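This report goes through one structure, beginning with the ligand shell and ending with the chain as a whole.

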Amino acid sequence: MALWGGRFQAGSSELFKAFNDSLPFDHILVQQDIQGSIGWSKAIQQAGVLTLEEQQKLEQALIDLSAKVANGDLDITASSAEDVHSWVEAELTEVLGDIARKLHTGRSRNDQVATDLRLWSREQLDVLIDALNTVQQKLLTLAENNKDHILPGYTHLQRAQPIRFAHWCLAYIEMFKRDSSRLVDTRKRLNQSPLGCGALAGTTYPIDREELAQSLGFDSACVNSLDAVSDRDFVLEILFAASTSMMHLSRFAEDLIFFNSGEANFVTLGDQVTSGSSLMPQKKNPDALELIRGKCGRVFGALQGLLVTLKGLPLAYNKDLQEDKEGLFETVAQWHTCLLMAGEVVSSIELNSAACQKAAREGYANATELADYLVSKGVPFRTAHEISGEVVLYALAQQEPIESLRLEELQQFSPLIEEDVYPILELEYLVDKRNILGGTGIEPVSKIIAEYQHDLGSA
Ligand code: ARG
């Protein structure tokens, strides 16, 4: 039965009912609705609406209902209730009769749904922060295990300067760490209670809203009822955090898809996260990573979708706000799965260090070092840059790396070049020379790894 039948003479059309009902998706909020209702029952008992005995009966029935739901004893979506709030009330009424019909005193579904959604989101943030930590831990283990592997670093997808593979891993740890901090931040703003704000103007019953907020684990109560029932900034924030993190996951996926390609062959992804082709027997495709990259579409879409939904809404509650849920639920689920999937991919990675080294050596990545060498012999950098460029051109024509050229060949370009040039052209030398905070040298990389081991532990 609908919660609002009294004023109506005719029933809803079938199409309207299916269009309007949110139970098919908001049933996800059932435990939060029960939790909020227990809090509300205590608040209205203190306000004199319920006797202590009535409140206790209600609380017990709500606890029983929560257990049944948790056990999977009830098929919520089979009900014809309009939404999760009506469903909980209908279940309670079946057990308690009239007492259950008192529970909604002073409350509106508008403050109720806003509360439920905040409670649900708060729980999800903890789950997501956990998943972000796990990916970081796995990347850290990969970094530790492959500290000495060097591969080309790219700009413009052209080999630029060699880097440690561990440095690449640490770059993504930084991104996931920021993603996590965004959620910590969101949690602070989200953790305020709309309950007791009524439909839009506040409730007439003497509810201690601060105490109610605390009892539900909120830091405080929202102080403006119009805002509290219609604010969905916290949903936007989660969608933005998800979009940013999915963008990071997508770049991570893109890098690895390239590293795993036949052309680069820097890494091999495990069989457990790749799939074959139905036609071409030799193929081993990076599907897990491609799906991570592909799922950005719907996550970014959910953020854009809700922004547009909220844009023109007058205060306070409007049914448009019901459109906040499916995108949020879907986004959180997809983001979470992508984080777990990324973790599995990371654990499956094997490095092909010979291919990495070869590629790192082949790209004339030591041309900058040659220029710096000339600078150390007193040549102005601009001139040194030009000389080094000429050496590259010559080496290219010989199809040799710079370090394979004989001293006499090098001296054609500058007599200042001597035997001591060769060690500085070595790969390890040029990587480890970047021995500065943030650099790819072994010292800064080891230091950051140690710091993360302390902060994250490894997985
Ligand atoms: N299903 C609704 C939603 O998600 C619950 C609030 C309904 N409030 C109302 N006044 N019709 O927004």
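In this predicted model, helix α6 (residues 109-145) contributes the most to the shell around the ligand, with three residues. The shell is made up of S22, D26, D83, R109, N110, V113, Y317, K319, L321 and Q322. Sorted by class, four of the shell residues are charged, three are polar and three are nonpolar.

S22, one of the residues around the ligand, sits in the loop between α1 (14-20) and α2 (23-26). S22 counts as buried because 20 C-beta neighbours lie inside 10 Å, and 20 is the lower limit for that class. Leaving out residues up to four places away in sequence, S22 touches D83 and Q322. Both of these contacts, D83 and Q322, also belong to the ligand shell. A far point of reference for S22 is E426: the two are 404 residues apart along the chain, and their C-alpha atoms are separated by 65 Å.

A second serine, S180, lies in helix α7 (residues 165-190). S180 counts as buried because it has 21 C-beta neighbours inside 10 Å. Its contacts, neighbours within four places in sequence aside, are I129, L132 and N133. The C-alpha atoms of S180 and L132 are 6.4 Å apart, although 48 residues separate the two in sequence.

The two C-alpha pairs are set out below.

| Pair | Separation in sequence | C-alpha to C-alpha distance |
|---|---|---|
| S22 and E426 | 404 residues | 65 Å |
| S180 and L132 | 48 residues | 6.4 Å |

The largest nonpolar core holds 62 residues, and L139, C169 and A342 touch the most other members. Helix α10 (residues 233-259) supplies the largest share of this core, 12 residues. Apart from this core lies another, of 37 residues, which includes L50, L62, V113 and Y317. Two of these, V113 and Y317, are also among the residues around the ligand. In general, nonpolar side chains in soluble globular proteins tend to be buried together.

Which residues does L139 touch, not counting those up to four places away in sequence? They are C169, Y172, I173 and V346. C169 is itself named with L139 among the core members that touch the most others.

Helix α15 (residues 367-376) has E369, L370, A371, Y373 and L374 as its buried residues. The cover over them includes α16 (381-398), α18 (421-424) and α19 (427-432). After α15 comes G378, which has a positive phi, near 95 degrees.

The protein chain as a whole has 20 helices and six strands. Its radius of gyration is 31 Å, well over the 23 Å that the globule rule gives for 459 residues, so the chain is more spread out than a compact globule. The C-alpha trace spans about 100 × 50 × 40 Å along its principal axes. Of the 459 residues, 39% are buried. Counting contacts between residues at least 6 apart in sequence, 77% join residues at least 24 apart.

On confidence, the protein chain has an average pLDDT of 96, and 99% of the residues score at least 70. For the complex, the predictor gives an ipTM of 0.97 and a pTM of 0.94.

Notes
Residues are numbered from 1 along each chain as its sequence is written. This is a predicted model: local features need pLDDT of at least 70, side-chain atom pairs count only at pLDDT 80 or more; totals for chains, interfaces and linings use all residues. A residue is near a molecule or strand if its C-beta atom, placed from the backbone, lies within 6 Å of it. Helices (H or I, at least four residues) and strands (E, at least two) are DSSP runs, numbered from the N terminus. Ala, Val, Leu, Ile, Met, Phe, Trp, Tyr, Cys and Pro count as nonpolar, Asp, Glu, Lys and Arg as charged, and the others, Gly among them, as polar. A nonpolar core is a set of buried Ala, Val, Leu, Ile, Met, Phe, Trp, Tyr and Cys residues joined through C-beta atoms within 7 Å. A residue is buried if 20 or more other C-beta atoms lie within 10 Å of its own, exposed if 12 or fewer, and partly exposed in between; C-beta atoms are placed from the backbone. Two residues are in contact if their C-beta atoms, placed from the backbone, lie within 7 Å. The radius of gyration is taken over C-alpha atoms; the globule rule is 2.2 Å times the number of residues to the power 0.38. pLDDT is the predictor's confidence in each residue, from 0 to 100.
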